[in-house]
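Let's take a friendly walk through a protein model together. Have the sequence and the 3D view ready, and follow along as we go.

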Amino acid sequence: ESSIVCKKAITFGVDDLVSWGVLVMDTDFHKIKDMRGNRLNPDGEIIIGNHVWICCRCTILKNSAIGNNAVIGSGSIISKPIMEDNVLIAGHPAKIMRRDIAWEH
């Protein structure tokens, strides 16, 4: 029940775990432009590090990046780079909730 929508680039690392109901999307689908016709919302790459656990119902949006050995808590919305390793990330918008963590499957 998870969806990956890629228009530019989405990279997953090694040993990642993706739960159900996750949406990973590097585009807004529709273009928003200023009055001169310049696009305001271009597509943006997503990079997910190694050994990342993405819990259920998370949303990962364009221009996001996640470091290695991270856990993303259920229902979180990632909309920016969070490149620190060994962290628990949660919330909407997501932020680092705990450092120096490890996880196993």
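What follows goes from the overall fold to the sheet, then to the hairpin and a few side-chain pairs.

**The whole chain**

Keep in mind that this is a predicted model. What is the chain built from? Its secondary structure comes to zero helices and 13 strands, so the elements read β again and again from the N terminus on. The radius of gyration is 14 Å, close to the 13 Å that the globule rule gives for 105 residues, so the chain is as compact as a globular protein of that length. Along its principal axes, the C-alpha trace spans about 50 × 25 × 20 Å.

How many of the 105 residues count as buried? The share is 37%. The accessible surface comes to about 6,300 Å², and 54% of that surface belongs to carbon and sulfur atoms. Among contacts with a separation of 6 or more, 27% link residues 24 or more positions apart.

**The open sheet**

Strands of a sheet pair through backbone hydrogen bonds, and the pairing can be parallel or antiparallel. Here, four strands form an open sheet with parallel pairing, in the order β2-β5-β8-β11. Which strands sit at the edges? They are β2 (10-12) and β11 (81-82), and each pairs on one side only.

Look next at β5 (residues 46-48) and β8 (residues 65-66), which pair in the parallel sense over two bridges. To find a spot in this pairing, look for Ile 48, which stands opposite Ile 66 in β8.

**The hairpin**

Strands β12 and β13 run antiparallel and are joined by five bridges. The hairpin that connects β12 to β13 passes through two residues. Within this pairing, Val 87 has Arg 99 in β13 as its bridge partner. Arg 99 will come up again below, this time through its side chain.

**Salt bridges**

Side chains of opposite charge can pair when their charged atoms come close. The count for this model comes to four salt bridges. Here are three examples, each with its N to O distance.

| Pair | Closest N and O atoms |
|---|---|
| Asp 34 and Arg 36 | 3.5 Å |
| Arg 39 and Asp 43 | 3.6 Å |
| Glu 84 and Arg 99 | 2.7 Å |

Are these residues buried or exposed? Asp 34 is partly exposed, with a relative accessible area of 21%, whereas Arg 36 counts as exposed at 71%. In the pair of Arg 39 and Asp 43, Arg 39 is partly exposed at 29%, while Asp 43 counts as buried at 17%.

Back to Arg 99: its side chain meets that of Glu 84 in a salt bridge. Glu 84 lies in the loop between β11 and β12 (87-91), and Arg 99 lies in β13 (residues 94-99), so the pair ties together parts that are 15 residues apart in sequence. Glu 84 is partly exposed at 33% relative accessible area, and Arg 99 is partly exposed at 48%.

**An aromatic pair**

How many aromatic pairs does a search of the whole structure find? There is one. The rings of Trp 53 and Trp 103 have their centres 5.4 Å apart and their planes at 40°, so the pair is tilted. Trp 53 lies in strand β6 (residues 53-54) and Trp 103 in the segment after β13, so this pair ties together parts that are 50 residues apart in sequence. Trp 53 counts as partly exposed at 30% relative accessibility, whereas Trp 103 counts as buried at 8%.

Conventions: Residues numbered from 1 in each chain as written. Predicted model: local features only at pLDDT ≥ 70, side-chain atom pairs only at ≥ 80, totals over all residues. Heavy atoms only, no water. Pairing = 2+ DSSP bridges. Buried < 20%, exposed > 50% of the residue type's maximum accessible area, 1.4 Å probe, protein only. Phe/Tyr/Trp six-rings, centres within 6.5 Å; stacked < 30°, edge-to-face > 60°. Rg over C-alpha atoms; globule rule 2.2 N^0.38 Å. Contact = heavy atoms within 4.5 Å. Areas by Shrake-Rupley, 256 points an atom, 1.4 Å probe, with all protein chains shown as cover.
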